[in-house]
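These are my notebook entries on one protein model, kept in the order in which I looked things up. I wanted to follow a few places in the fold from residue to residue.

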Amino acid sequence: MTTPPSVSVVVVNWNSGPWLGRMLESIERHPPSAPYDVVVIDNASSDGSAAPAAARAAVTGSRVRLIRNSRNRGLAAANNQGLAVTAGDRVLICNPDVELTAGAVDALSAAMDRHPAAALAVPRLENLDGSPQTSAGDLPRLSEALLGRRLSRHLVPGRSRSGPAGFWWDGWDHAEERQIGRGAEACYLVRRAAVAEIGPQDERFRLDWEGIEWTARLRDRGWQVWLVPEAVVRHAGGASISGAGLRWVAATHLGTYRYFAPRVPLPARVPLALVVTLRGLVKAAAGAAGFPLYRWARP
């Protein structure tokens, strides 16, 4: 490419099966109108899922680059790799199991133009059948994180009395462009200037909670997060996590502790660690008994 990209797309892949190929095809069908490039960071996949990126990267003049890691570095570290090797003023960070629809990237970028304090622009996610998938929420309270999605909806007071509120805004129609507390991390547009100010993602968060921690840092510095309903992205959900199993349980609970530990008094950190560990053990036992470890179903 002779024109420097205005938008860079970063996709982290790990054993995603056929989904990465479908994701790259969706970019080719529905590209941004501005110059763009794509970098795929493959975290040592063993299922051949990086092959579609390799085939595209081998074509002279391709917009696609592939970086193969010799080991699984974790999601935050791989996202940071992508941020470091791209130059677009705006970076679309995507899971491999999403599919862009027509005009989605342009709609996200236009929202950033309308809202100069927006560090993150989040699309309206849909399931593959076009039904809604919750895309927005608030930064979590500890009680919500420990109770989980369903119980916290009913048991945490003061978050659902006046419009959309709570860790996840389940049941909200996602029809209004508005400032939100945080967005789902399957796909989001990042303003490069905001990253330059607050730094990259915290690589201690190997899988899960990296986006929440990043969002909290951005908001602490006065940056905003906006949901953009005109930008529609379809999300299969769980393409890589489904292969992680108990490692995902361990990673998400470690992320929970690392997120909340600096936010509680020092004497509370040991009890916090014990409670989070107990929750993780219960979750792992449930998974071993055949209960689903995660849920991508409709809200």
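Before placing anything in a loop, I note that helices and strands here are DSSP runs, at least four residues for a helix and at least two for a strand, numbered from the N terminus. The model is predicted, and I keep that in mind for every value below.

**Entry on R206.** With those runs in hand, I placed R206 in the loop between α7 and α8. I then asked whether R206 is buried or exposed, or in between. R206 counts as partly exposed because its relative accessibility is 42%, and the partly exposed class runs between 20% and 50%. Setting aside its neighbours within four places in sequence, I found R206 in contact with N72, R73, G74, L75 and A76. For one of these, G74, I looked up the spacing as well: its C-alpha atom and that of R206 are separated by 4.3 Å, although the two residues are 132 residues apart along the chain.

**Entry on the whole chain.** I next stepped back to the protein chain, which has 10 helices and 11 strands. Of its 299 residues, 51% are buried. Among contacts with a separation of 6 or more, 80% are between residues 24 or more positions apart. The chain exposes about 13,400 Å², and carbon and sulfur atoms supply 56% of that area.

**Entry on aromatic pairs.** A search of the whole structure gave me six aromatic pairs. The rings of F167 and W168 have their centres 6.1 Å apart and their planes at 35°, so this pair is tilted. F167 counts as buried because its relative accessibility is 15%, under the 20% cut-off, whereas W168, at 23%, counts as partly exposed. Another pair, W209 with F260, is edge-to-face, with 5.7 Å from centre to centre and 70° between the planes. Which parts of the chain does the pair of W209 and F260 link? It links distant parts, since W209 sits in the loop between α7 (192-198) and α8 while F260 belongs to helix α9 (residues 246-260), 51 residues apart. I recorded W209 as buried because its relative accessible area is 4%, and F260 as buried with a value of 4%. I also noted that F167, W168, W209, Y259 and F260 form one aromatic cluster.

**Entry on the cavity.** How many cavities of 30 Å³ or more does a search of the whole structure find? I found one, and about 70 Å³ of space lies in the largest cavity. Its lining is made of L120, V122, G183, A184, E185, Y188, G211, W214 and T215. By class, I wrote down five nonpolar, three polar and one charged residues for this lining. Both β6 (118-126) and α8 (210-220) supply at least two lining residues, and α8 gives the most, with three.

**Entry on helix α4.** Last, I looked up helix α4 (residues 104-114), whose buried residues are A104, V105, A107, L108, S109, A111 and M112. As a reminder to myself, an α-helix has 3.6 residues a turn, so residues three or four places apart point the same way. What covers the buried residues of α4? The cover includes the strands β1 (7-13), β4 (90-94), β5 (98-100), β6, β10 (187-191) and β11 (224-235). I had already met β6 in the lining of the largest cavity.

Note on methods
Residues are numbered from 1 along each chain as its sequence is written. This is a predicted model: local features need pLDDT of at least 70, side-chain atom pairs count only at pLDDT 80 or more; totals for chains, interfaces and linings use all residues. Side-chain values use heavy atoms; hydrogens and water are left out. On a 1 Å grid over the protein atoms alone, a cavity is a set of points where a 1.4 Å probe fits but cannot get out, and a pocket is an open set with protein on both sides within 12 Å along at least five of seven lines; lining residues have an atom within 4 Å of a point. Grid points are joined across faces, edges and corners, and a volume is the space filled by probe spheres set on the points. Ala, Val, Leu, Ile, Met, Phe, Trp, Tyr, Cys and Pro count as nonpolar, Asp, Glu, Lys and Arg as charged, and the others, Gly among them, as polar. Buried means under 20% relative accessible area, exposed over 50%, partly exposed in between (1.4 Å probe, protein chains only). Contact means heavy atoms within 4.5 Å. Accessible areas come from the Shrake-Rupley method with a 1.4 Å probe; for residues, only the protein chains shown count as cover. Rings of Phe, Tyr and Trp (its six-membered ring) pair if their centres lie within 6.5 Å; planes under 30 degrees apart count as stacked, over 60 as edge-to-face and the rest as tilted.
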